Amino acid sequence: MEHLKIFRWLLDVDSIWPVPIGASKSAQSTAHWATVKATSHALALLTDGERAKALRFYRPSDAKLSLGSNLLKHRAIANTCQVSWSQAVISEGANKKPCYKPVAPSCKSLEFNVSHHGSLVVLVGCSGEDVRLGVDVVKMNWDKDYNTVMKDGFEAWANVYESVFSDREVKDIAGFVPPTRGTQQDEIRAKLRHFYAHWCLKEAYIKMTGEALLAPWLKDLEFRNVQVPLPASRMNASGQSGSDWGQTCADVEIWLYGKRVTYVRLEIQAFREDYMIATASSSLEVAFSAFKELDVERDVYPFQER
Ligand SMILES: CC(C)(COP(=O)(O)OP(=O)(O)OC[C@H]1O[C@@H](n2cnc3c(N)ncnc32)[C@H](O)[C@@H]1OP(=O)(O)O)[C@@H](O)C(=O)NCCC(=O)NCCS
């Protein structure tokens, strides 16, 4: 597997397929948004079912993420498996994990996984069938989260998630002491970032297996020594690195049923101020490429559609 590499793509849909002014507040907002030329052009690249799914979202911001997700999946299949856009059919595997089923055993295959949150869509992929992948992007909602923590306290916040995290994880999250002292707001922000790092890592892992929330071992999967990646603004002393990418942390300990898991590659990277992206791979042998930020016109749309 030495020749293989896991590619990682990021598409920010914030400035593409713009929402007409006032549309986001109307009851017909997604339908209205779909009539904009740039949007209808992109929606036409999806299958009827994919388009219908995207248009079922009430808010255009969610419809955009669904549109971006499907476009990235088609592009990844077409590129990796060397098939045309229309042959790049997205199927569902066990537990509805999206996958690609080659038309013949001799044809190329692809393992991939997608996540979206805020205005970001991320896809990780690898040619072949040897590796299983999971990805998760989270965006901290500072205003909402801060108010909840101020109202109920951080322990109550952590206890809400006791069905997902192990007892030790809940304790780690509730009792996290930020490495640097600051204002009360700084401390809450650091604790929330620590919680989101735990969440993002667990999601990436359960999405890799495909069992997702159905995994009966959710509480038996435990992350220890979770490091919180620094946001992009803290990457150098002046905060002027100029890049959206923050720190990457890859030394989390994975435990399952009390035994150390050493066969999974898991890393988490900060993006801008409030995003974190975790990637999980079932192979230690295949390296992760750096995330590539895609331009929808240049990198995603099929050639004849540009
Ligand atoms: C569906 C689920 C896999 C991820 O949902 P999510 O975190 O809300 O959303 P994400 O954006 O990260 O992932 C959505 C993508 O996961 C993929 N997906 C769907 N089912 C999947 C499965 N069984 N395994 C892996 N990936 C799956 C899809 O590509 C989907 O995007 P699409 O519909 O545009 O194709 C599932 O875990 C879930 O519902 N999670 C809710 C959050 C939660 O409670 N997490 C607790 C663990 S910390």
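Contact here means heavy atoms within 4.5 Å. The model under review is predicted.

1. **Asparagine 113, setting.** Asparagine 113 sits in strand S4, residues 110–117. Its relative accessibility is 5%, so it counts as buried, the cut-off being under 20%. Leaving aside residues up to four places away in sequence, asparagine 113 touches Lys97, Val122, Leu123, Val124, Leu133, Gly134, Val135 and Lys207.

2. **Asparagine 113, polar contact.** One of these neighbours deserves a separate look. The side chain of asparagine 113 comes to 3.0 Å from the backbone nitrogen of valine 135.

3. **Glycine 134.** Glycine 134 belongs to strand S6, residues 133–139. With a relative accessible area of 0%, glycine 134 is buried. Asn113 and Val124 are among the residues it touches. So are Ala204, Lys207 and Met208. Ala278, Thr279 and Ala280 complete the list, which again omits residues up to four places away in sequence.

4. **Glycine 134 and lysine 202.** This pair is 68 residues apart in sequence. In space, the C-alpha atoms of glycine 134 and lysine 202 are 9.9 Å apart. Lysine 202 also appears in point 7, on the H8 side of a helix contact.

5. **Ligand surroundings.** The ligand has 21 residues around it. Ser69, Lys73, Ser115, His116 and Glu203 are the closest.

6. **Polar contacts to the ligand.** Three side chains are worth checking by eye. In glutamate 203, a side-chain N or O atom is 2.4 Å from a nitrogen atom of the ligand. In lysine 207, a side-chain N or O atom is 2.8 Å from a ligand oxygen. In aspartate 136, a polar side-chain atom lies 2.9 Å from an oxygen atom of the ligand. Lysine 207 is also a neighbour of asparagine 113 and of glycine 134.

7. **H7 against H8.** Helix H7 covers residues 167–174, and helix H8 covers residues 184–209. Their axes come within 9 Å and cross at roughly 150 degrees. Angles over 145 degrees count as roughly antiparallel, so H7 and H8 are roughly antiparallel to each other. H7 contributes Glu169, Asp172, Ile173 and Ala174 to the contact. H8 contributes Lys191, His194, Phe195, His198 and Lys202. By type, the residues of this contact are three nonpolar, two polar and four charged.

8. **H5 against H8.** Helix H5, residues 142–152, packs on H8 at an angle of about 105 degrees, with the axes 11 Å apart. H5 is therefore roughly perpendicular to H8. From H5 come Trp142, Asp145, Tyr146, Val149 and Met150. They meet Gln184, Gln185, Ile188, Arg189, Leu192 and Tyr196 in H8. The make-up of this contact is seven nonpolar, two polar and two charged residues.

9. **Backbone at asparagine 95.** Which loop holds asparagine 95? It is the loop between strand S2 (91–92) and strand S3 (98–99). Asparagine 95 is not a glycine, yet its phi is positive, about 55 degrees. With a relative accessible area of 42%, asparagine 95 is partly exposed.

10. **Backbone at lysine 96.** Lysine 96 lies in the loop between S2 and S3. Its phi is near 65 degrees, a positive value in a residue other than glycine. Is lysine 96 buried or exposed? At 62% relative accessibility, lysine 96 counts as exposed.

Notes
Residues numbered from 1 in each chain as written. Predicted model: local features only at pLDDT ≥ 70, side-chain atom pairs only at ≥ 80, totals over all residues. Heavy atoms only, no water. Axes fitted to C-alpha atoms, helices over the stretch in contact; angles between N-to-C directions. Helix = DSSP H or I, 4+ residues; strand = E, 2+ residues; numbered from the N terminus. Parallel < 35°, antiparallel > 145°, perpendicular 65-115°, else oblique. Nonpolar A, V, L, I, M, F, W, Y, C, P; charged D, E, K, R; others polar. Buried < 20%, exposed > 50% of the residue type's maximum accessible area, 1.4 Å probe, protein only. Polar contact = N/O pair within 3.5 Å; in protein donor to acceptor, adjacent residues only side chain to side chain. Near = heavy atom within 4 Å.
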